[in-house]
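Here is a set of short exercises to work through with the model open on your screen. Try each task before reading its solution.

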Amino acid sequence: MSTLEKIDINNTPKHIAIIMDGNGRWAKKQGQDRLFGHNIGVESVREVLKGAQEANVKYLTLYAFSTENWNRPKEEVDGLMNLLVHTISNEVDELNKNNVCISTIGDLDGLPGDCKAEMLSAYDRTKQNTGVHLILALNYSAKWELMNAVKNITQKVETGQLTSSEVNEECFENELTTKGIPDPELLIRTSGEHRISNFLLWQIAYTEFYFTEILWPDFKRENLYEAILDYQSRERRFGMVSEQIEKNS
Ligand code: IPE
Ligand code: IPE
Ligand code: MG
């Protein structure tokens, strides 16, 4: 029985978020520069997207560039932006053919103009698609997102569009870049690091975490299935006790 066949297709996470980490270390091991690792990492993105399609995952959020990543050497940052523009422009036809909708979260205005334009055009071309929704976190920071939400809500209260007693979780979520997207049930981080690195702080309040030592360029479809299987072996209690969960299932 293949790993995919072992997955209970009716209980796959609707939304999986991935912190794709380890490209630099992978490249170093091969005696190559860091950009080589990022290039090969694109193949893992293709793999994981196909895996998500096969395993009935509806939303796939990939952490591609954090606001902190601007602090890397200029050569690497430029290389990453180029890679992004070229990958999206090369892949958008295929993504469209596969009914994938592609969008971004993060501060697009802070990206180089060609990068922003490419992402907006890819979104425009694929927004009607009903297959997997691929969300790229680009120039993303969870703290930035949360601060923005607070500012927008404050402004709405100040201008009388909202009263302070109307401020609740729902209106807060409407100010997040993930508006309309369900919270991820599963978050994967590769490369053996056990931290969140400013990713989706609000949205992961009840997410299951899966950490693997595998470096991102080595992460393939099969590894995604293993993560899903691990997720399916867990009991999500949401503060309740086991007996209540069994009764409800
Ligand atoms: C993840 O790999 C890709 C990005 C952050 C853009 P890294 O580049 O962080 O690789 P390591 O962690 O240095 O090995
Ligand atoms: C997190 O990885 C950001 C992305 C995967 C895009 P980093 O490699 O930048 O995270 P830290 O700096 O090790 O926490
Ligand atoms: Mg890293």
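**Exercise 1. A bridge between two helices**

Task: Find the salt bridge that Arg-221 forms, and say which parts of the chain the pair ties together.

Solution:
- Start at Arg-221 and look for its partner, which is Glu-54; their closest N and O atoms are 3.0 Å apart.
- Next, place both residues: Arg-221 belongs to helix α8 and Glu-54 to helix α3, so the pair ties together parts that lie 167 residues apart in sequence.
- Keep in mind that this is a predicted model, and that the distances in these solutions are computed from it.
- Finally, check the exposure of each side. Arg-221 has 22% relative accessibility and Glu-54 has 39%, so Arg-221 counts as partly exposed and Glu-54 counts as partly exposed too.

**Exercise 2. Another link from α3**

Task: Which residue forms a salt bridge with Arg-46, and is that partner buried or exposed?

Solution:
- The partner is Glu-91, with the closest N and O atoms 2.7 Å apart.
- Arg-46 sits in helix α3 and Glu-91 in helix α4, 45 residues apart, so distant parts of the chain are linked by this pair.
- For the exposure step, use the cut-off: buried means under 20% relative accessible area. Glu-91 has 18%, so Glu-91 counts as buried, while Arg-46, at 31%, is partly exposed.
- As background, side chains of opposite charge can pair when their charged atoms come close.

**Exercise 3. From a pair to a network**

Task: Which residues are linked with Asp-21 in a network of salt bridges?

Solution:
- Begin with one pair: the side chains of Asp-21 and Arg-25 meet in a salt bridge, at 3.5 Å from N to O.
- Compare their surroundings. Asp-21 is buried, at 14% relative accessibility, and Arg-25 is partly exposed, at 33%.
- Now extend the search: Arg-189, Glu-193 and Arg-195 join Asp-21 and Arg-25 in the network.
- For context, a search of the whole structure finds 20 salt bridges.

**Exercise 4. Two ligands**

Task: Which side chains place an N or O atom at 3.2 Å, 3.3 Å and 2.6 Å from an oxygen atom of ligand 2?

Solution:
- List the surroundings of ligand 2 to begin with; among them are Ile-19, Tyr-63, Phe-65, Asn-69 and Arg-195.
- Then go through the polar contacts. The side chain of Arg-72 supplies the one at 3.2 Å, that of Arg-189 the one at 3.3 Å, and that of Ser-197 the one at 2.6 Å.
- For cover, ligand 2 taken alone exposes 390 Å², and the protein buries 78% of that.

Task: Where do Gly-22, Arg-25 and Arg-34 lie relative to the oxygen atoms of ligand 1?

Solution:
- Ligand 1 is surrounded by 13 residues, and the closest are Asp-21, Gly-24, Arg-25, Arg-34 and Arg-72.
- A backbone N or O atom of Gly-22 is 3.3 Å from a ligand 1 oxygen, and a polar backbone atom of Arg-25 is 2.7 Å from one.
- Arg-34 uses its side chain, with an N or O atom 2.8 Å from an oxygen of ligand 1.
- On its own ligand 1 has 380 Å² of accessible area, of which the protein covers 87%.

**Exercise 5. The nonpolar core**

Task: Which residues touch the most other members of the largest nonpolar core, and which element gives the most to this core?

Solution:
- This core has 41 residues, and Ile-16, Ile-18, Leu-60 and Ile-188 touch the most other members.
- Elements that each supply at least two of its residues include β1, α3, β2 and α8. The element giving the most is α4, with 8 residues.
- Zoom in on Ile-18: setting aside residues up to four places away in sequence, its contacts include Val-48, Leu-60, Ile-188, Phe-199, Trp-216 and Leu-224.
- A second, separate core holds 15 residues, including Ala-17, Ile-19, Tyr-59 and Tyr-140.

**Exercise 6. A buried loop residue**

Task: Which backbone oxygen does the side chain of Asn-129 reach?

Solution:
- Locate Asn-129 in the loop between α5 and β4.
- Its relative accessible area is 17%, so Asn-129 is buried.
- The side chain of Asn-129 reaches the backbone oxygen of Val-100 at 2.8 Å.
- Beyond its neighbours within four places in sequence, Asn-129 is in contact with Leu-95, Asn-96, Asn-99, Val-100 and Cys-101.

Key
Residues are numbered from 1 along each chain as its sequence is written. Chains are lettered from A and ligands numbered from 1 in the order in which they are written. This is a predicted model: local features need pLDDT of at least 70, side-chain atom pairs count only at pLDDT 80 or more; totals for chains, interfaces and linings use all residues. Side-chain values use heavy atoms; hydrogens and water are left out. A nonpolar core is a set of buried Ala, Val, Leu, Ile, Met, Phe, Trp, Tyr and Cys residues joined through side-chain atoms within 4.5 Å. Buried means under 20% relative accessible area, exposed over 50%, partly exposed in between (1.4 Å probe, protein chains only). Helices (H or I, at least four residues) and strands (E, at least two) are DSSP runs, numbered from the N terminus. Contact means heavy atoms within 4.5 Å. A salt bridge is a side-chain nitrogen of Lys or Arg within 4 Å of a carboxyl oxygen of Asp or Glu. A polar contact is a pair of N or O atoms within 3.5 Å; within protein, one must be able to donate a hydrogen and the other to accept it, and residues adjacent in sequence count only if both atoms are side-chain atoms. Accessible areas come from the Shrake-Rupley method with a 1.4 Å probe; for residues, only the protein chains shown count as cover. A residue is near a molecule or strand if one of its heavy atoms lies within 4 Å of it.
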